[in-house]
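Colleague: I have just opened this entry and would like to learn how to read it. Could you walk me through a few features?

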Amino acid sequence: MRILQLSSLILVATLAFSCNQKETHYPDPLLTHRDTTANPASDFFQYANGGWFKQNPIQSTESSNGIFQLINDTINSQIKKICESSAATKSTRGSNKQKIGDFYASGMDSLQIERMGIQPIQSELKIINACTNFGQVVQTFAFLHRLGMQPGFTFYVAQDDKISTKNALFMSQGGLSLGNRDYYFNTDPETVVIRKEFPKHVAKMFTLTGQSPEQAQQSANRVLALETAVAKVSRKLEDLRDPNANYHKMSIKEFQQLSPTVAWVDLFPLMGITKADSVIVGQPEFYKNLDHLLVQFSVEDWKTYLKWNLISCYAPYLTHAIAQEDFRFFSTVMKGVDKQKPRWKRVVNQTNSSLGELIGQVYVAEYLPKGSKEKLLEIGNSIRDVYAERIKKLDWMSETTKVKALNKLNKIVMKVGYPDQWKDLSALRIDRNSYCHNVKRANTWEYNQMIAKFGKPVDRNEWVMTPQTYNAYYNPSNNEIVVPACNIIVPGFEGRMPDDAILYGIIGGSTFGHEITHGFDDQGSQYDEKGNLNNWWTDADLAKFQAKTKRIVNQFNAYTVLGDKHLNGDATQGENIADLGGVIMGYEAFKKTKQYKSNQLISGLNPKQRYFLAYAYAWMVNIKKEALAQQIMVDVHAPAKFRINGPLSNMPEFYKTFGIKPGDPMYQPNSSRVVIW
């Protein structure tokens, strides 16, 4: 250990006395966040971010801490001001400020919430209790779907994967409270604890909503038995990744034959869909088995399950005791979070979730730094340019496929900043009478907006993220990337523009480069330039590509956490491919900047060092072990540590910059390194 520390100190000392030094008069996160007792050749994640982790332990109200928390704290503080000012202003009924202010005020009125008890969901409970046969139970499935729940199965309207100009009906597996089938069967200690706690939680929730302890325990046993049966006929997380294997278009008549117990032709109108002629079924075997389960379990079993779905969905907006128990299981037991967030934070988050488009308009006008959209576009276009250069030089792809790949790349639409046209929420009624009712109305509005798309042309201008959402996405059906405005934020550089090494490491590599690569990952590569699920590869090139993606699967399968838990390389391969492509493209684009070419030092760090440290800053996330266990179970993203160490261990440029040598933990032999794009 002393040798490793000494080598790190020598590296720092060498940097400090280099020439062409630019002095800084403010703390530089890339310098101050490091853990210089760690060796970059052993664990670059710890070396780049460990100093910050030591100074900033995970708060008791959170499951993790890091750059996402820092940025979201900034954004939430701004949204809080928007909410508070809106609540304090007497605004015209139906205006944006009235809706924002009343929603926030209703959530902060804890006395009114306590007085109402479970009254906000009583009408729905009454409907469920009135069911006396399977037909009524199934009709209630439709009713609850319209309130934002997904009991029994997953249903939605979206672009047809093979006809991207058309909106289609989709039916997929679903209905599991724990989110992933493996929670119901895995035998590792962490999962066993969750499975034991789940029925205790369900029983407690039923007790809090009026059942006797004996009734509540019986209800919990019914829910666990039913969900375990549903989980048994559900596909594993990794088996949901192949879009072709999860695309089965069939007529309504064919779907009815697949699942004859449910009168789907009558159910779809109850869900708001009329004149449907076909449906895209993700997992046909799930619906075939669900049909059997509808008969296998009693009407009372299904009624109990539906009541549980309702209570669990709206628990955070009911009394303190109910919300606290919901938090105890889903946050403390499953994620290791010890303490619930203050009410204002929870209400701000929900106001933003329900009324994000309204808040976004104020956010853009009052908080977005000038020139953000232009700078984002500049970085995005530079990433696309180097991507084209890389594709042209690929030694494993034929010219025929290169032409098609370049055509797809050229036609990727970049939506950055914020939408040109905001969604119309005029039909959404919000008042100060009931927090839970406001959430129900917002959920119903969201559902109705989705349903309204059916039978209409696809709106390719639509955004599904708000400008204040610190995230980004690639939509294969539109062949587009969407980067919200707040991605311009870099903690530690408030009020000034970071240097290009940071911009290209974070915004270029982990954002634009990452999202563009999703168009060429194991899933996105199956869609053509128009967004249709359509093979544009030659057989030989596709085989070479799949051999390369198999190598990244193997690489991540070998990583372990929490002792002996292996990462799921199959489930995470799309994100791992995107991370690898992103960090490479960000670096190649950065090489064209003045900062890189001048080799100017900033804070004693040369441009290459700053770039790789900035990329690591993009994934500076420390996470509790409970949340980490959950992530590797349900998330298609690898833990932050491996989103840094994994891609970088495949880059020769990183090896040269930080002196990585054979035998170092970060070293991968040439034969094992993954190079795709």
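Modeller: Happily; this is a predicted model, and we will go through its sheets, cysteines and aromatic rings.

Colleague: Let us start with the sheets. In what order do the strands S3, S4, S5 and S6 lie?

Modeller: Reading across a sheet means following strands by their neighbours rather than by their numbers. Here the four strands make an open sheet with mixed pairing, in the order S3-S4-S6-S5. Strands S3 (154-160) and S5 (248-251) are at the edges with a single partner strand each, so one side of each has no neighbour in the sheet. From one strand to the next, the twist averages 35°.

Colleague: How many bridges join S3 to S4, and do they run parallel or antiparallel?

Modeller: Strand S4 covers residues 163-172, and seven bridges tie S3 to it in an antiparallel arrangement. To find the spot on screen, look for Tyr-156, which is opposite Phe-170 of S4. Then look for helix H13 (residues 284-296), which packs on this sheet and touches S3, S4, S5 and strand S6 (278-281). The direction of H13 makes about 35° with that of S4.

Colleague: And in what order do S7, S8 and S9 lie?

Modeller: These three strands form an open sheet, again one with mixed pairing, in the order S7-S9-S8. The edges are S7 (413-417) and S8 (473-475); each has a single partner strand, so one side of each is left without a neighbour in the sheet. Here the twist averages 15° between one strand and the next. Five bridges connect S7 with strand S9 (residues 480-484), and the two run parallel. Val-416 has Val-483 of S9 as its bridge partner.

Colleague: Which helices pack on that sheet?

Modeller: Helix H18 (residues 372-393) packs on it, touching S7 and S9, with its direction at about 150° to that of S7. Helix H21 (residues 500-518) packs on it too, in contact with S7, S8 and S9, and its direction makes about 155° with that of S9.

Colleague: Now the cysteines. How many disulfides are there?

Modeller: The idea is to check the distance between cysteine sulfurs, with a cut-off of 2.5 Å. The count here is zero. For Cys-131, the nearest cysteine sulfur belongs to Cys-313 and is 17 Å away. For Cys-436, the nearest is also that of Cys-313, at 8.4 Å.

Colleague: Are Cys-131 and Cys-436 buried or exposed?

Modeller: Cys-131 is buried, with a relative accessible area of 4%. Cys-436 is buried as well, at 1%.

Colleague: How many aromatic pairs are there, and how do I read one?

Modeller: There are 52 aromatic pairs. To read one, take the distance between ring centres and the angle between the planes. Phe-141 and Phe-153 are 6.1 Å apart centre to centre with 20° between their planes, and this pair is stacked. Phe-141 belongs to helix H8 (residues 134-145), while Phe-153 is in the loop between H8 and S3, 12 residues apart along the chain. Phe-141 is buried at 4% relative accessible area, and Phe-153 is buried at 3%. Elsewhere, rings gather in a cluster whose members include Phe-44, Tyr-504, Phe-612 and Tyr-667.

Colleague: Which rings have a lysine over them?

Modeller: Two cases are worth finding. Lys-80 lies over the face of Trp-344, 4.2 Å from the ring centre. The charged end of Lys-408 is over the ring of Phe-520, at 5.5 Å from its centre.

Methods. Residues numbered from 1 in each chain as written. Predicted model: local features only at pLDDT ≥ 70, side-chain atom pairs only at ≥ 80, totals over all residues. Heavy atoms only, no water. Pairing = 2+ DSSP bridges. Axes fitted to C-alpha atoms, helices over the stretch in contact; angles between N-to-C directions. Contact = heavy atoms within 4.5 Å. Buried < 20%, exposed > 50% of the residue type's maximum accessible area, 1.4 Å probe, protein only. Phe/Tyr/Trp six-rings, centres within 6.5 Å; stacked < 30°, edge-to-face > 60°. Lys NZ or Arg CZ within 6 Å of the ring centre and 35° of its normal.
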